Amino acid sequence: MYEFDLERPTRVEDAVKLLSDSVESQPLGGGQTLIPTLKQRLASPERLVSLTGIDSMKGVFTDRGGTLRIGGATTHAEVAAKAAYPGLSELAANIGDPAVRNRGTIGGSLANNDPAACYPAAVLALNATIGTNAREIAADDFFQGMFTTALEEGEIITNVTFPAVRTANYQKFLQPASRFALVGVFVAKHDDGVRVAVTGASNDGVFRWSAAEEALNGDFSPDAVAGLDVPDGDMISDLHGSGAYRAHLVKVLTGRAVAAA
Amino acid sequence: MAKVTMTVNGKSVSGDVEGRTLLSAFLREDLNLTGTHIGCDTSQCGACVVHVDGEAVKACTMFALEAEGAEVGTIEGQANADGSLNAIQQAFQDHHGLQCGFCTPGMVMSAAALLKENPKPSEAEIRHYLEGNICRCTGYHNIVKAILAASGQDVSAIAAE
């Protein structure tokens with residue numbers, strides 16, 4: 001790793017101040033992606049601003065109406081243990097391994113927007129709102145292609161709010177070496193319709209499969225998606241699976257998620 | 001350099017570290033606690049698992065400064081007060097849960113974290129929990145047996161396989 005200073009502010013406003021002064025700074029969540037990246041010398045900030053010392057950014061809160069709010073610096077392990085919300089605790093419980101889940105955070109995962117990460121699928125399908133130090137961003141506006149989000153330089157995800165949902169389920173086809181999703185599909189049935197979000201499959205990162213949403217709005221059953229074609233043009237193709245294989249998995253996993261929801 | 005203070009195996013320790021100093025490096029190089037092994041250094045193998053405020057973490061993927069004020073537990077703190085092996089360590093010996101022993105500190109620390117949150121795990125739960133700990137010798141069979149035994153459960157079913 002190149003040399004850098006590490007700061008551990010305890011308040012959001014102090015972190016924002018550190019991230020916006022003249023020293024080239026980068027926020028540090030749980031570090032489960034950023035620290036390996038630094039070790040490979042793929043990033044060289046002058047300063048890291050750790051967000052895990054900010055208590056107001058931690059915790060899982062449910063209100064009576066079924067809305068769930070999770071602090072940006074909340075670990076996957078805490079979400080797995082405390083999120084009483086369909087699909088979400090199971091998703092968190094199967095990220096990485098136990099030691100990774102004890103460090104990695106929901107805000108870090110979303111800000112990184114890895115094309116094979118699990119949380120982006122949940123946030124997009126559940127129509128969650130990303131809360132930052134400056135504003136609120138709708139899920140549909142947040143994800144802007146792999147490793148790209150609507151976040152401005154130095155903007156911090158302070159919380160994520162998930163509206164009440166009728167039913168939801170996440171199906172992850174595990175890439176056993178990386179423990180990321182080879183393909184993951186999150187299906188959510190809302191009062192105003194079904195949303196289907198796919199991770200791991202596309203070169204553009206997480207996306208909504210609108211043909212499946214339309215079909216499931218008419219008939220919420222696995223059969224409704226069985227006859228659909230998944231466009232495989234922009235699917236990720238690598239040594240773990242071809243684009244056509246991933247496209248096939250998208251359909252299979254969507255059917256399984258609907259059956260399990 | 002910045003000063004860091006933490007409690008390691010019940011003893012207060014401090015040192016001067018760089019921002020980039022990993023917890024694993026601080027434990028091994030500053031405190032000479034070399035039982036925490038660096039296997040892959042890419043947070044995949046789990047040989048460096050320690051406890052920070054009671055939770056299993058990979059010491060190679062956390063900065064020493066992030067453990068400021070924390071209670072850190074390493075393999076050196078696992079033995080009983082009289083120096084004898086604790087129940088997990090003894091079970092690893094009894095059931096040959098190691099061959100070369102390189103992964104063992106991480107295995108024992110992960111097992112301890114598992115048994116704290118789930119005192120009677122099933123074989124499947126043990127295998128699921130150990131997904132972040134890689135052993136290249138044993139095929140995991142005897143490690144799983146050792147953890148079943150350490151939790152006071154019958155190992156005969158798995159032993160018969």
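Buried area is the accessible area (1.4 Å probe) that two parts lose on being put together, summed over both. Everything below comes from a predicted model, in which local features need pLDDT of at least 70, side-chain atom pairs count only at pLDDT 80 or more, and totals for chains, interfaces and linings use all residues. Residues are numbered from 1 along each chain as its sequence is written, chains are lettered from A in the order in which they are written, and side-chain values use heavy atoms, with hydrogens and water left out.

**View 1. Chain B meets chain A.** Together the two chains bury about 2,100 Å², and 55% of that area is on carbon and sulfur atoms. Look for B:Arg20, B:Phe63 and B:Glu66: these residues supply 30% of the area that chain B buries against chain A, more than any other three residues. The contact (heavy atoms within 4.5 Å) takes 30 residues from chain A and 23 residues from chain B.

**View 2. Salt bridges and polar contacts between the chains.** A salt bridge here is a side-chain nitrogen of Lys or Arg within 4 Å of a carboxyl oxygen of Asp or Glu. The rule finds 4 salt bridges across the interface of chain B and chain A. One of them joins B:Glu66 to A:Arg103, with the closest N and O atoms 3.0 Å apart. There are also 9 residue pairs in polar contact between the chains (both at pLDDT 80 or more). A polar contact is a pair of N or O atoms within 3.5 Å; within protein, one must be able to donate a hydrogen and the other to accept it, and residues adjacent in sequence count only if both atoms are side-chain atoms.

**View 3. The two domains of chain B.** An automatic or database domain assignment divides chain B into domain 1 (2-77) and domain 2 (87-159). Their centres, taken over C-alpha atoms, are separated by 22 Å. In this pairing, 17 residues of domain 1 of chain B are in contact with 15 residues of domain 2 of chain B. The two domains bury about 1,200 Å² between them, 62% of it on carbon and sulfur atoms. Here B:His37, B:His51 and B:Ile75 supply 39% of the area that domain 1 of chain B buries against domain 2 of chain B, more than any other three residues. Between these domains the count is 0 salt bridges, while 7 residue pairs are in polar contact (both at pLDDT 80 or more).

**View 4. The two domains of chain A.** Chain A is divided into domain 1 (1-56) and domain 2 (167-260). The C-alpha centres of these domains lie 34 Å apart.
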